[in-house]
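Me: I would like to learn how to read a few features of a protein model, one at a time. Could you take me through them slowly?

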Amino acid sequence: MKAANLVTAARGFTIPTDGAFHNLRWSDGNYAYSLPGSGYVAHQVKLDLRGLLPGDLVRIEAVYEYPGNPAPYRQLLAQLTVSVDPANYGGQFVVASPNENHQMVAGTSITFAAAVTAGAGNPARTLTFGGATRKSVLLFA
């Protein structure tokens, strides 16, 4: 393995239920991770959102910015409608992306973003990130 970036969500980071994608801020203070070398990349994101209600829609995307390419490439990684009441499970509801694997060049920037759309009849609110929120980016030769 050439490099690894394993971090949790930034303390106090929140996200509104406005349906728009918001870049995620991590405990290392960054929003994006820039690959220090070329190679095979594996990444995964797990969101532990507090304050979700049944019917809310949670989406996770990756935004790749390649050196020399003027437009970022966006990839939807996960989309899930909350089907149970998280209050019945200690308030926790976790949405995880599958493990994604790509061949990438050095200097590629990877940013993860999340969007939450309030379900029909659910009030607009601001969600917080719980301790199970994680990101992993692994770079192999």
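Me: Which side chain meets Glu61 in a salt bridge?

Reply: Before the answer, please note that this is a predicted model, in which local features need pLDDT of at least 70 and side-chain atom pairs count only at pLDDT 80 or more, while totals for chains, interfaces and linings use all residues. Residues are numbered from 1 along each chain as its sequence is written, and side-chain values use heavy atoms, with hydrogens and water left out. The general idea is that side chains of opposite charge can pair when their charged atoms come close. The term salt bridge is used for a side-chain nitrogen of Lys or Arg within 4 Å of a carboxyl oxygen of Asp or Glu. Here the partner of Glu61 is Arg74, at 2.6 Å from N to O. Glu61 lies in strand 6 and Arg74 in strand 7 (residues 73-81), so the pair ties together parts that are 13 residues apart in sequence; strands are DSSP runs of E with at least two residues, numbered from the N terminus.

Me: How many salt bridges does this rule give?

Reply: The count comes to 3, and one of them joins Asp56 to Arg125, with the closest N and O atoms 2.0 Å apart. Because Asp56 sits in the loop between strand 5 (39-50) and strand 6 (57-65), and Arg125 in the loop between strand 10 (109-117) and strand 11 (126-129), this pair ties together parts that are 69 residues apart in sequence.

Me: Is Asp48, which forms a salt bridge with Arg50, buried or exposed?

Reply: The words depend on relative accessible area: buried means under 20%, exposed over 50%, and partly exposed in between, using a 1.4 Å probe and protein chains only. Asp48, at 0%, counts as buried, whereas Arg50, at 30%, is partly exposed.

Me: How many aromatic pairs are there?

Reply: Rings of Phe, Tyr and Trp (its six-membered ring) pair if their centres lie within 6.5 Å, and planes under 30 degrees apart count as stacked, over 60 as edge-to-face and the rest as tilted. The count here is 4, including the tilted pair of Tyr40 and Phe140, at 6.3 Å centre to centre with 45° between the planes. Tyr40 belongs to strand 5 and Phe140 to strand 12, so the pair ties together parts that are 100 residues apart in sequence.

Me: Which residues do ring pairs link into a cluster?

Reply: The cluster consists of Tyr64, Tyr66 and Tyr73. Tyr64 is buried, with a relative accessible area of 1%, while Tyr66 is partly exposed at 27%.

Technical notes. Helix = DSSP H or I, 4+ residues; strand = E, 2+ residues; numbered from the N terminus.
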